[in-house]
Amino acid sequence: MIGIISYAVFFTTIAAILAIAVLGLNFQWGNTGLFNGGVAAFFGAGAYATIMLGGTPQPDQLGGFGLFYPLALIGGTIIAGALAWVVGLLTLRLRHDYLAISTFGVAVAFETVVRNASGFSGGALGMRGFERPLEALIANPFFYNLLFLLLVAVVLLAVYFYLERVIKSPFGRLLRAIREDEVAAQSLGKNPSKIRLKAFVVGSMIMGMAGGLFASFYAFISPQDVLPTLTFQIWAMLIVGGAGNNKGAIAGTFIIWGAWTLSGWGLANYAPIEAQLYTGSIQYIIIGFIIVGMLLWRPQGLFPEKLVVSQSGR
Amino acid sequence: MSVYTGHDALTVKGLTVDFGSFRAVNDVSLSIKKGTITGLIGPNGAGKTTFFNALMGTVQPTAGTIALGDKNITGLSSDDLFASGLARTFQIPRPFKKMSVLENVMLAPMQQVGEGLLSPLLKRSLIKEQEKKIRQKALGILDFVTLSKLADHDAGKISGGQMKLLELARVLMGDPDVILLDEPAAGVNPSLTKILLERIEALNEQGKTFLVIEHDMDFIMKHCDPIIALAGGEVVFEGTAKEAQANTGLLDAYLGTGFDDD
């Protein structure tokens, strides 16, 4: 019984961390229409930077500053935002598929760099030497995981309420207008480039924060965690949940992460031996089918975006 | 028809636009008088659209200046033009779909406190107050353009004519001095065109200046005064509606027969 509960805690923690990243993507794609194909890079930047800032010195690793945990996490978030600012400035003129291709390229480059820069990011072995916050004080690993889940849940809720507030404010109206028609928005005195960049940076910072939490939870991050697969998983979660709807984004995360975990477990236990060897690949195929199927039959997602009728002015 | 006050709302001097070796607009100088509904006509390929785009900052002129009142606005981007008081509508309407009609209109005012990333958290009461005012104004303008019943509708699902009215409502939120209308009658059913015209004339009486670009000669002759005609990238006629009607050469130019002989 305790095994199941402790697994449930573990599952919920990972799903909630991913949900934060999905909320970040929803801000970019669902609300602003920015096709970020490089989620893994911003998630990864936050993850690596959090460990560099908050970890202990290690050979072949940059950083090890041992910063107070909240500062390390905020630092990771800011560094993800700085990367997004540079990428955003460079890709500001690109739209839709071109933006997707170039950001995808950024993510592949990011993964290649952290995998090969062995004197800087631990290379393929990943980043170690991170001590999880307060872990020394709590001996029982189950209680510690429960506490960590609480931390993640607080961050998730804070991000959720912040984004809800923003998208229901005049700024959210601005984002939707940019998403629907940049030329028209500019003809009404708005500056689309500036607004797109803001949304790109903020969304990526949220992804970076999710990455920071992910790395702190495992006290480890490696190139294996920032593969393009992560980007596809995050996208599948948003598409299934419903782009433009934050509740849908969270629900989609739990559904897809549940399906991913369950399919992995099912394949590993019940599939013929030959198929078990390919569990990972089969899972990717399933995710691909889910994305394509949703786009064909229910492109608005399980929880479609609602028409906002300027609540704040009533 | 117009309340011409004797001042220029918009002055264009020596405007030239080249696309490579092709000169689309050649040394055009003209002025739009304050308080008029000025019509700009010209056949396909006359340079109308390029001229319009150069005015609106989407095409950079090769030479020449454009002034709004006393302010030089040459080369400003369309967001800065709107802020300066020069607004436009689109030939093919560009509503913000998947946004309500009211939201479309409420977007337009400049300097909204809530258009920031932190202000929605920090300045809630100020935003609320401002939103209330913007909403009031938006509802008033929607009422003026006869769209108040559609305020909560999805702007992507109203008719083409209603979209043109919505575009007019949107630009009115910014209290512009000069409004450029790009083919307002194109693809709109006659009853909505009539409403649109009445509203334009009512606004004109309140002092707003309009520059109407139209393909439809009849529309221009009936509702605009003065009239400017472009052909081959040059001004071929500038005068009152009466003079335009009396000018048979203009019709030829419009049909593309007279210009080559000039």
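Student: Into which domains is chain B divided?

Tutor: Domain bounds come from an automatic or database domain assignment. Here chain B is divided into domain 1 (8-95 + 177-261) and domain 2 (96-157). This is a predicted model, in which local features need pLDDT of at least 70 and side-chain atom pairs count only at pLDDT 80 or more, while totals for chains, interfaces and linings use all residues. Residues are numbered from 1 along each chain as its sequence is written, and chains are lettered from A and ligands numbered from 1 in the order in which they are written.

Student: How far apart do the C-alpha centres of the two domains of chain B lie, and how many residues does the contact take from each?

Tutor: The C-alpha centres of domain 1 and domain 2 of chain B lie 30 Å apart. Two residues are in contact if their C-beta atoms, placed from the backbone, lie within 7 Å. Domain 1 of chain B gives four residues to the contact and domain 2 of chain B gives nine. For classes, Ala, Val, Leu, Ile, Met, Phe, Trp, Tyr, Cys and Pro count as nonpolar, Asp, Glu, Lys and Arg as charged, and the others, Gly among them, as polar. The domain 1 side in chain B has three nonpolar, no polar and one charged residues.

Student: How many residues does each chain give to the contact between chain A and chain B?

Tutor: Chain A gives 27 residues and chain B gives 34 residues. Helices (H or I, at least four residues) and strands (E, at least two) are DSSP runs, numbered from the N terminus. On the chain A side, the elements that give two or more residues are α5 (141-167), α6 (170-180), α7 (182-187) and α8 (192-218). The most comes from α6(A), with seven residues. By class, this side of chain A has twelve nonpolar, eight polar and seven charged residues.

Student: At what angle do helices α2 and α4 of chain A pack?

Tutor: Axes are lines fitted to C-alpha atoms, for helices over the stretch in contact, and angles run from 0 to 180 degrees between N-to-C directions. Helix α2 (residues 39-54) and helix α4 (residues 96-116) of chain A pack at about 35°, with axes 8 Å apart. From α2(A) the contact uses Ala40(A), Ala41(A), Gly44(A) and Tyr48(A), and from α4(A) it uses Val106(A), Ala107(A), Phe110(A), Glu111(A) and Val114(A). By class, that contact has seven nonpolar, one polar and one charged residues.

Student: What is the strand order in the open sheet of four strands in chain B?

Tutor: Two strands pair if DSSP finds at least two bridges between them. The order in this open sheet is β2-β1-β4-β5 (chain B), with antiparallel pairing. At the edges stand β2 (22-33) and β5 (71-72) of chain B, each with a single partner strand, so one side of each is left without a neighbour in the sheet. Strand β4 (residues 63-68) of chain B is joined to β5(B) by two bridges, and Ala67(B) has Asn72(B) as its bridge partner. Helix α1 (residues 48-55) of chain B lies across β1 (8-19), β2 and β4 of chain B, at about 65° to β2(B).

Student: Is strand β8 of chain B mostly covered or hardly covered?

Tutor: A residue is buried if 20 or more other C-beta atoms lie within 10 Å of its own, exposed if 12 or fewer, and partly exposed in between; C-beta atoms are placed from the backbone. Strand β8 (residues 209-213) of chain B is mostly covered, with five of its five residues buried. Thr209(B), Leu211(B) and Ile213(B) point one way from β8(B), and Phe210(B) and Val212(B) the other way.

Student: How many bridges join β8(B) to β3(B) and to β7 of chain B?

Tutor: Four bridges join β3(B) and β8(B) in the parallel sense, and Gly39(B) has Val212(B) as its bridge partner. Strand β7 (residues 178-182) of chain B also runs parallel to β8(B), joined by five bridges; Ile179(B) stands opposite Phe210(B).

Student: Why does Leu40(B) count as buried?

Tutor: Leu40(B), in strand β3 (residues 37-41) of chain B, is buried because 25 other C-beta atoms lie within 10 Å. Leaving aside neighbours within four places in sequence, Leu40(B) is in contact with residues including Leu211(B), Ile228(B) and Leu230(B).
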